[in-house]
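Student: I would like to go through a model of several chains and learn how to read its interfaces. Where should we begin?

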Amino acid sequence: MRFLSRKGTDRLVKCLSAGVTVAAVIPLFWIVIEIIINGASALSWNFLTDLPRPFGETGGGIGNAILGSFLINALASVWGIPIGIATGIYLSEYGGGGRTGSVVRTAVESLAGVPSIIYGVFAFTIIVMTVRHYTALAAAVALGLMMIPLVAKATEESMKVVSSEMREAAMALGIPKWARTEKVVLSIARGGVLSGALLAFARISGETAPLLFTALFSLYWPTGLDQPMATLQVLIYNYALSGFGDWVSKAWGASLILVAIVLVINIVVRVASRQKFTEGT
Amino acid sequence: MMALKDPDYLVRIYDQMREMYNIVESAGSEIDDGLSNKKRNLKTTLTEQCQEAQIMEEQTVEMCIEAMIRHQPFARDLRAVSAAMKVSYDLSRICRYLRNIAEILEEFDVECDDPDLLPLYREGRKMIHLSLEAYFGKDAKAAADIIKSDEVVDRGYEAILNRYAMAEKKSGSCILFNGITARIIERMADHASYISHETIYLVTGRRVDYR
Amino acid sequence: METKLEVKNLNAWFGEKQALKNVSAGFKGNSVTAVIGPSGCGKSTFIRCINRMHEVVPRARVTGEVLLDGVDIYTSMDAMDVRRKVGMVFQRPNPFPNMSVVDNVVAGLKLAGSYGKDELSEMAEKNLKAVGLWEEVKDELRKSGASLSGGQQQRLCIARALAMEPEVILMDEPTSALDPASTTKVEELLQQLKKFTTILIITHNVSQAARVSDMTAFFYLGELIELGETESMFKAPQNPLTERYITGRFG
């Protein structure tokens with residue numbers, strides 16, 4: 001004898017699925033709401049543009065952290081994204097099938113799984129220990145390295161999806177391989193590649209562990225790449241644990257900015273991808 | 001050449017043509033009877049039969065055109081369809097000639113048929129029979145032989161003509177009767193030759209001589 | 001009409017499997033030759049040996065000679081040059097979706113050489129007119145090549161091939177994915193195109209071969225069985241195999 005009728009089982013499963021989904025989604029909204037509530041009060045023009053005050057003093061802002069995050073992320077992208085795209089192109093169009101290709105692909109996939117702190121330690125050992133002080137450059141190196149597997153994977157997948165008919169058509173016109181790859185295949189795949197790059201950027205915006213070993217922190221405007229630099233992530237880390245009310249509040253504000261950046265990037269990528277499908281190629 | 005089966009639409013066309021041939025055969029027997037036993041009243045029967053043959057010829061042509069539109073035949077199938085259109089015309093023409101002989105038998109109430117006339121007629125009829133056997137059997141060699149034997153009927157016809165051209169004592173209607181009948185037989189036998197030409201084209205794809 | 005394209009003792013393999021066996025044939029300039037035969041007979045392999053696309057398949061091998069205007073395309077020419085002189089149109093229309101209609105037409109020219117913007121515009125217009133597309137797309141030149149209808153896309157692909165001013169255009173069942181009206185347009189187009197170039201067209205449709213071609217080549221199991229004038233071949237083929245194929249007894 002069945003415990004429930006067939007229809008009853010159906011309804012039960014539906015309810016359970018819905019319930020579990022809500023349970024999974026609630027934390028996201030909860031976090032965002034908490035951050036908005038707690039961080040909104042800290043926002044102001046001064047907050048965004050001023051330097052931090054010494055511990056214990058109120059006022060000041062996180063301007064240096066915002067600029068520092070931007071600089072480090074930009075530098076990381078400058079070398080992480082192109083190498084990632086080049087690797088993706090190689091895997092998709094050139095050596096992807098052969099033995100070297102398998103090795104490269106395995107390496108890329110493994111790198112994607114390496115904990116971010118290891119990247120930090122790596123950059124620390126290679127650069128910071130050599131020059132004997134914390135540098136923003138090391139941070140850019142570590143974060144750039146982290147971007148490579150993400151961008152490579154996205155590039156490879158997007159290019160693989162491009163129909164082989166396109167490559168054949170280009171070949172039949174007498175177009176050499178590099179021009180085919182760049183002007184036809186990559187061009188068609190550019191949506192996916194761009195998404196990959198943006199998502200990688202969003203990812204490194206949130207990484208903190210590598211920065212602790214490389215750029216560390218600073219209470220001053222960035223002075224040079226060979227010096228420590230303030231970032232939003234490390235600022236949040238320091239301020240939140242400080243116990244000082246003003247700083248804790250600023251940590252919430254910084255969190256709000258960080259979350260906002262990451263959310264906006266994710267939403268933009270989502271919307272842009274959906275638009276492509278509705279336009280219908 | 002590999003023996004290929006005819007497609008259904010061709011089989012139907014050939015069945016139709018075999019029926020036409022049966023009509024021509026039975027008309028031919030009537031005329032044979034008429035010439036041997038001097039029967040004068042065959043015109044009605046022959047007219048009926050020829051009308052039927054005419055209708056069947058039109059139907060056959062329709063079937064051939066429809067086959068070309070619908071099935072777009074090529075190579076041997078195409079040749080078979082175009083040959084069928086021509087041969088069905090030849091068959092209806094032969095029937096017409098037989099009817100002409102029946103008309104002459106009725107109009108010329110004479111007792112002077114040449115002893116060579118009946119044999120000539122039978123020779124012509126045999127040619128027609130053989131040519132249609134070769135056609136339905138797709139036998140190009142037999143068809144070539146028939147074309148050669150056309151001469152026999154031609155000479156027989158000329159012989160009869162000469163005999164009456166020389167004679168002065170025979171009556172005018174006698175001359176006309178034998179002359180015209182012989183002429184009709186000769187023309188009838190020509191169609192056997194035409195049919196044989198079509199058979200050769202059908203089987204080999206080559207056109208020999210001209211019609 | 002001189003012999004534009006000549007093939008001598010052409011053999012082709014995919015690994016161990018031999019796809020073409022000792023094929024020899026000559027094709028006159030400014031003519032349309034239909035290439036027919038049952039599936040797997042080697043028609044596609046044959047034409048891909050003429051624009052050197054067969055060799056990019058892994059483990060592919062070719063022996064023999066293919067002469068374009070007397071020059072061996074394998075030993076005396078670079079593969080890219082061959083493909084510029086021997087164009088190809090595929091079964092499924094494949095315009096580049098990331099390029100506009102105009103850019104599609106001149107894609108081969110743009111990506112392989114240097115031409116001025118005005119020159120390219122002129123060439124695009126000329127070739128779109130040649131394939132009868134100009135009137136239909138002249139107000140939508142900036143739209144993506146993939147936004148056209150199937151029949152228009154295929155004519156666009158023909159224009160794209162034509163823009164390279166090739167000596168020979170190879171077509172692999174170019175109308176099998178098109179509706180009857182588009183098919184008719186493309187078939188009529190071939191009669192115009194042969195004034196400028198030589199065409200080899202693979203087709204599964206025996207009636208189409210009869211309609212569009214001056215010569216027909218029949219392939220079976222990798223061998224060229226018969227090559228002759230279309231008119232006589234379709235009334236009275238020399239080879240019994242050819243007869244069986246075109247009367248639909250097999251294939």
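**Reading the chain contacts**

Tutor: Begin with which chains touch. There are two pairs of chains in contact, and chains A and C share the most contacts of them. Keep in mind that this is a predicted model.

Student: How far apart are the nearest C-alpha atoms of chain A and chain B?

Tutor: They are 34 Å apart, and the two chains do not touch. The reading therefore centres on chain C, with contact counted for heavy atoms within 4.5 Å.

Student: Then what does chain C look like by itself? How many helices and strands does chain C have?

Tutor: Chain C contains 11 helices and 10 strands. Its C-alpha trace spans about 55 × 40 × 35 Å along the principal axes.

Student: What does the radius of gyration say about chain C?

Tutor: The value is compared with what a compact globule would give. For 251 residues that would be near 18 Å, and chain C has 18 Å, so the two agree.

Student: What share of the residues in chain C is buried?

Tutor: Buried residues are 57% of the 251 in chain C. Sequence separation is a further thing to read: among contacts in chain C with a separation of 6 or more, 67% are between residues 24 or more positions apart.

Student: Now the interface with chain A. How many residues of each chain are in contact?

Tutor: Chain C brings 25 residues and chain A brings 20. Next, look at area and at what kind of atom supplies it. About 1800 Å² is buried between chain C and chain A, and carbon and sulfur atoms give 69% of that. On the chain C side, the residues that lose the most area to chain A are C:Phe96, C:Asn98 and C:Leu111, which together make up 32% of what that side buries.

Student: How many salt bridges are there between chain C and chain A?

Tutor: The count is two. C:Arg48 forms a salt bridge with A:Glu168, where the closest N and O atoms are 3.4 Å apart. Polar contacts are counted separately: six residue pairs are found between chain C and chain A, both residues being at pLDDT 80 or more.

Student: Which elements of chain C give two or more residues to the side that touches chain A?

Tutor: They are helix H2 (79-85), strand S6 (86-89), helix H4 (107-112) and helix H7 (150-162) of chain C. By residue class, this side of chain C has 15 nonpolar, five polar and five charged residues.

Student: And the interface with chain B, how many residues does the contact take from each chain?

Tutor: Chain C supplies 13 residues and chain B supplies 15. The two chains bury about 1200 Å² between them, with 59% of it on carbon and sulfur atoms. C:Lys235, C:Glu243 and C:Arg249 lose the most area to chain B in chain C, together 42% of what that side buries.

Student: Which residue of chain B forms a salt bridge with C:Arg249?

Tutor: B:Asp77 does, with the closest N and O atoms 3.0 Å apart. Chain C and chain B have two salt bridges between them. Six residue pairs are in polar contact across this interface, both residues at pLDDT 80 or more.

Student: Which elements of chain C give two or more residues to the side that touches chain B?

Tutor: Helix H9 (206-212), helix H10 (230-235) and helix H11 (240-246) of chain C do. H11(C) gives the largest share, four residues. The residues of this side divide into seven nonpolar, two polar and four charged.

Methods. Residues numbered from 1 in each chain as written. Chains lettered and ligands numbered in written order. Predicted model: local features only at pLDDT ≥ 70, side-chain atom pairs only at ≥ 80, totals over all residues. Heavy atoms only, no water. Buried area = accessible area lost by both parts, 1.4 Å probe. Salt bridge = Lys/Arg side-chain N within 4 Å of Asp/Glu carboxyl O. Polar contact = N/O pair within 3.5 Å; in protein donor to acceptor, adjacent residues only side chain to side chain. Nonpolar A, V, L, I, M, F, W, Y, C, P; charged D, E, K, R; others polar. Rg over C-alpha atoms; globule rule 2.2 N^0.38 Å. Buried < 20%, exposed > 50% of the residue type's maximum accessible area, 1.4 Å probe, protein only.
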